[in-house]
Amino acid sequence: MTAVLPAPRASSSTAPDAETVYRPGFRLDFAGTLAMLGRGPYDPTTVWDLRGMWRTWRTPEGAATLRLNRPSADGGVAASAWGPGAGWAIEAVPRLLGRDDDWTGIDVAGHRLLRDSLHRNPGLRLSRTGRMLEALLPAIIEQRVTSLEAYRSWSRLLRWYGEPAPGPAPDGMRVTPTLEQWRGIPSWDWHRAGVDPRRARAVQAVLAVAPSLERAVERAATLEEAQAALQTIPGVGVWTAAETLQRSHGHPDLVSVGDYHLAHQVGEALIGRRVDDDEMLELLEPYAGHRQRVVRLIFASGFRFQRRGPRMALQDHRWH
C-alpha cells in the first residue's frame, strides 16, 4: 500500500509542462494496474489520493512528476506532467496503463478462483514502466528482509539523496537519484539506511555497469534474454530479475521464485495447501506464458493464505 494524501490544489503557477487524456479502448482497472509501482507506504516516489496517483520518474530527459486521474465517465484518464522529463512521462502513460498487455490468450476456465477473479477484474493489466534501474535497485534492497525493513530503507535513501519532485506534487515526494548520485552514496549511509553490506555490494555492482546493463536489457531479443542479462550481475538472482522485469517490462510470465510467501499463496489458492517453489511452478505450468498474470489474479481475488508459525523477525542493520 502506498501513501494516501489529500490532492493539492493546482494554481495558474503550477500549469503542467505536458498533458494529455488517454482513452484505453478497454475497461481499465486503474488502481489494480498501477498497484505494483509503489514500494510500500513510505515510498516518496508514489502517492495516492482520492482522485488518482502521483508518481515521479528519473527519465532520460531528467526529473518528472506525473499526475494520473482515475478514469472519467467516458473512460478517459487525464494525465499531467511537470519537469524536464514531462514529455517522456506523458508518452509513457499508455504503457503504464497496460496498453501493451494482451490477456486474450489466457485460459483459466478450469479453475473457479481464477475464473471468478478474471470475471470480477476484467480491467486488470500489467503496467510497463520502461525504467529498469528504478525497478532493479529497490528489488535488491528487498532481498531476504521483511517488506517493512526494505520499504524504510528505500524511503530513507530517497529522502536523503533524491531530488524534490517538480511541480505541485504533495510535500515530501522525491525523484530517484541520478546514476552519479547513487554511485556517490557512502558506505556508512547505506548502513545507516538499514541496507546490509551484502545488498549494498549488489547495488554497487549494478551501478558500476548500469549503462551497459540497461543497453543489454533493451537489446535483448526476448524477455528471457533480458532476465539472463540481469543475472550476470553478482547478487542479482532469479527473484530479483523477476521482480524487476515484472515492473520495467510488464513481463507476463516471470514468477518471483524464492519469495518468502508467494509459493504458500499460490498453493493454497490453487489446491488448498502450502507448496514449495518447485511445486508452485508445477501448478503454474498449465498457464505458461501467463504465469505472472495468474499470480496477479490470485492476489486480485482477495484470497490470502493462512499464516502459521513465527513471522520473519525485523532486523536493524544500522547499529552493528
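Let me start with W154, which counts as buried because its relative accessibility is 3%, below the 20% under which a residue is called buried. Please keep in mind throughout that what we are looking at is a predicted model, and that the mean pLDDT of the protein is 92, with 91% of its residues reaching 70 or more.

Now, which residues form one aromatic cluster with W154? The cluster is made up of W154, W182 and W190, and we can go through it ring by ring. The structure holds 5 aromatic pairs, and in one of them the ring centres of W154 and W182 are 5.9 Å apart while their planes meet at 20°, so this pair is stacked. If you follow the chain, you will see that this pair links distant parts of it, since W154 belongs to helix α5, residues 147-161, and W182 belongs to helix α6, residues 179-183, with the two positions 28 residues apart. W182 is also buried, at a relative accessible area of 2%. From W182 we can step on to W190, because the centres of these two rings lie 6.1 Å apart with their planes at 20°, so that pair is stacked as well. W190, for its part, counts as buried at 2% relative accessibility.

Two of these tryptophans come back when we turn to the nonpolar cores. The largest nonpolar core has 35 residues, and W182 and W190 are among those with the most contacts inside it, along with L136, L137, L157, V206 and L230. Several helices feed this core, and α4 (132-141), α5, α6, α8 (197-208), α9 (210-219), α10 (223-230) and α11 (238-248) each supply at least two of its residues. Which helix gives the largest share of this core? That is α4, with 6 residues. To get a feeling for one position in the core, take V206, which touches L133, L136, L137, I140, L213, I233 and V236 once residues up to four places away in sequence are set aside. There is also a second, separate core of 23 residues, and F30, A89, V93 and L97 are included in it.

Let me move to the loop between α4 and α5, where we find R144. Is R144 buried or exposed? R144 is exposed, with a relative accessible area of 72%, and its phi is positive, at about 55°, although R144 is not a glycine.

Next, please look at the strands β3 and β4. Strand β3, residues 46-49, is covered on both faces, with T46 and W48 buried on one side and V47 and D49 buried on the other. It pairs with strand β4, residues 52-59, in the antiparallel sense over 4 bridges, and a hairpin of 2 residues joins the two strands. Within this pairing, T46 has R55 of β4 as its bridge partner. R55 has a second contribution to our picture, as its charged end sits over the ring of W57, 4.3 Å from the ring centre. A similar arrangement is found for R131, whose charged end sits over the ring of W88 at 5.6 Å from its centre.

My last region is helix α14, residues 291-300, which is largely enclosed by the rest of the structure because 8 of its 10 residues are buried. Which residues are these? They are R291, Q292, R293, V294, V295, R296, L297 and I298, so you will notice that charged residue names appear in the list alongside nonpolar ones. The cover over the buried residues of α14 includes α1 (30-34), α3, α11, α12 (262-271) and α13 (277-284). Just after α14 comes G302, which takes a positive phi of about 90°.

One residue of α3 deserves its own mention here, namely S117, which is found in that helix at residues 112-120. S117 counts as buried, at 0% relative accessibility, and, leaving aside its neighbours within four places in sequence, it is in contact with L297, A300 and S301.

I will close with a word of care about the beginning of the chain. Over residues 1-13 the pLDDT stays under 50, and for this stretch the model has 24 contacts beyond four places in sequence.

Notes: Residues numbered from 1 in each chain as written. Predicted model: local features only at pLDDT ≥ 70, side-chain atom pairs only at ≥ 80, totals over all residues. Heavy atoms only, no water. Phe/Tyr/Trp six-rings, centres within 6.5 Å; stacked < 30°, edge-to-face > 60°. Buried < 20%, exposed > 50% of the residue type's maximum accessible area, 1.4 Å probe, protein only. Lys NZ or Arg CZ within 6 Å of the ring centre and 35° of its normal. Contact = heavy atoms within 4.5 Å. Core = buried A, V, L, I, M, F, W, Y, C linked by side-chain atoms within 4.5 Å. pLDDT = per-residue confidence, 0-100. Pairing = 2+ DSSP bridges.
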